[in-house]
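Okay, thanks everyone, I'll keep this short. Let me put the structure up, and then I'll walk through a few residues.

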Amino acid sequence: MVSVSTPSQYPAEYDAIVIGSGIGGLVTATQLAAKGASVLVLERYLIPGGSAGYFERSSQDGESGYRFDVGASMIFGFGKQGTTNLLTRALDAVNMSIETIPDPVQIHYHLPDGLELKVHKDYEKFLQELIGQFPHEEKGIRQFYDECWKVFNCLNVMDLLSLEELGYLTRVFFQHPLACLGLVKYLPQNAGDIARRFIKDPALLKFIDMECYCWSVVPANKTPMINAGMVFSDRHYGGINYPKGGVGQIAQKLVEGLENAGSRIEYKARVTEILLENGRAVGVTLASGKTYRAKRIISNATRWDTFEKLVPSSEMPNAEKKWQQRYQQSSSFLSLHLGVKSEALPIGTECHHILLENWNAMEAEQGTIFVSIPTLLDPSLAPDGCQIIHTFTPSWMENWQNLSPSEYEAKKEAAAERVIDRLEAIFPNLSQHLDYQEVGTPRTHRRFLGRDNGTYGPIPARKLPGLLGMPFNRTAIANLYCVGDSTFPGQGLNAVAFSGFACAHRVAVDLGL
């Protein structure tokens, strides 16, 4: 929590203020603090982490409880080798570490037309299982996923810092010229374009769409190949590793490291305005009326929240207006946090599942169901004899507006019943083993995470050339930066960590650190 010190000990002006303690914001803050900057993180809620946070609830017996992850528990970035293990590196920068538990299977897919398979950490084992489903596409399968490895291998030999900093780009090019040239080739391409170069079977191409959709929230033809190469390869390289004690431990450890480095975080500190003087960002105002000043302001809010709420709309730069024409808000989620008796799970159940009964519903309201069961990796998160099943499915704010309190509760209960009924295709008789249930909607995400419409982040409004449309960290307003899933390279915990490394590097150069 906040370090104990008196207000008189705080600087009159910080080197940097970070708005929001999501992972992107915390990586930025800790990287800067490790370089000697004075940093203040302002968090509207009671704990850090945003969608990588946690909450605790009591079981029915009232004597023990559950620790639920707010978001997904499929975590990349905790590998021990290479340069793509960004969460490991972020913690190490402030002398922190987390014990992790490896997951041998990334996802167990339950898809239309009886397509059921597991993505094993063992690359060849995964390929053999997929080829077993599509034996006539063996060559194309290997060619596509091997192409992903080419992207990953380019990324995995260089420090992943700010692409806005010429000195870094020059240095990394001379150190790794072939890797840089390789990435330049893939930068304007999407995964779907490359998949269709090698694969013809429409059902297999649908599967590739789902492989992308499950983390990018768009099908393959809108998913940048750079991102796909990172995800589709790192799951077999660094692997999926769950932090012992829950995903919330990542943010907690980063905060501890931040404070040990001499900077601080303030909770229940909702920023309502970014202060501008002569067109430059100079500070922030809180809902309490308190103001803080800094040489650099970094927003970990979405770009919609940043430029439509924190910055006066009259000051929105043309670059942001153009960005909003290229990108739109992804859906939010209907979240179902369940505590269940262990007998609800068949023997051999994997930690992560995706369920879809109809390909046409993949992107629809409450179409695809995502399932995480983190207690299969860390039993300490639930009472003895119980498990956590965290289920979430896409949902839009418009479907949850203009409801009376009773109508809202009734709609949540009905939605939860439908989800549980569908889950019984994987976990028969699930409804008979419920111990605890809590439902979240887009309104919940908006309220607790401070995200416009509860959105998960930006997605292309139309097909765009790979990552070329994604903005970097600097904005058109001097001294104001953005970090998180609204900036390069996009959504996902490891991606926003990348954004944090890049943002901190850019800010540090600008501060002369």
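So, Leu46: it comes out as partly exposed, because its relative accessibility is 44%, and the band for that label runs between 20% and 50%. Bear in mind that this is a predicted model. If you want to find Leu46 on the screen, go to the loop between β2 (39-42) and β3 (54-58). And which residues share a nonpolar surface patch with Leu46? Tyr45 and Phe448 do, and the patch made by the three covers about 250 Å².

Next, Arg451, in the loop that links α14 (442-449) to β19 (458-460). Buried or exposed, what would you guess for Arg451? Arg451 counts as buried, because its relative accessibility is just 14%, and the cut-off for buried is under 20%. So what is around Arg451, if we skip its neighbours within four places in sequence? Its contacts are Thr302, Asp305, His445, Arg446, Tyr456, Gly457 and Asp485.

Last bit, backbone. Most residues other than glycine have a negative phi. Now look at two asparagines. Asn402 has a positive phi, about 55°, and Asn429 has one of about 65°. Asn402 sits in the loop between β17 (386-395) and α13 (405-423), while Asn429 is in the loop between α13 and β18 (434-440). As for accessibility, Asn402 counts as exposed because it is at 79%, whereas Asn429, at 42%, counts as partly exposed.

That's what I had, happy to rotate the view if anyone wants another look.

Key
Residues numbered from 1 in each chain as written. Predicted model: local features only at pLDDT ≥ 70, side-chain atom pairs only at ≥ 80, totals over all residues. Heavy atoms only, no water. Patch = residues over 30% accessible without salt bridge, like charges linked within 9 Å, V, L, I, M, F, W, Y side chains within 5 Å. Areas by Shrake-Rupley, 256 points an atom, 1.4 Å probe, with all protein chains shown as cover. Salt bridge = Lys/Arg side-chain N within 4 Å of Asp/Glu carboxyl O. Helix = DSSP H or I, 4+ residues; strand = E, 2+ residues; numbered from the N terminus. Buried < 20%, exposed > 50% of the residue type's maximum accessible area, 1.4 Å probe, protein only. Contact = heavy atoms within 4.5 Å.
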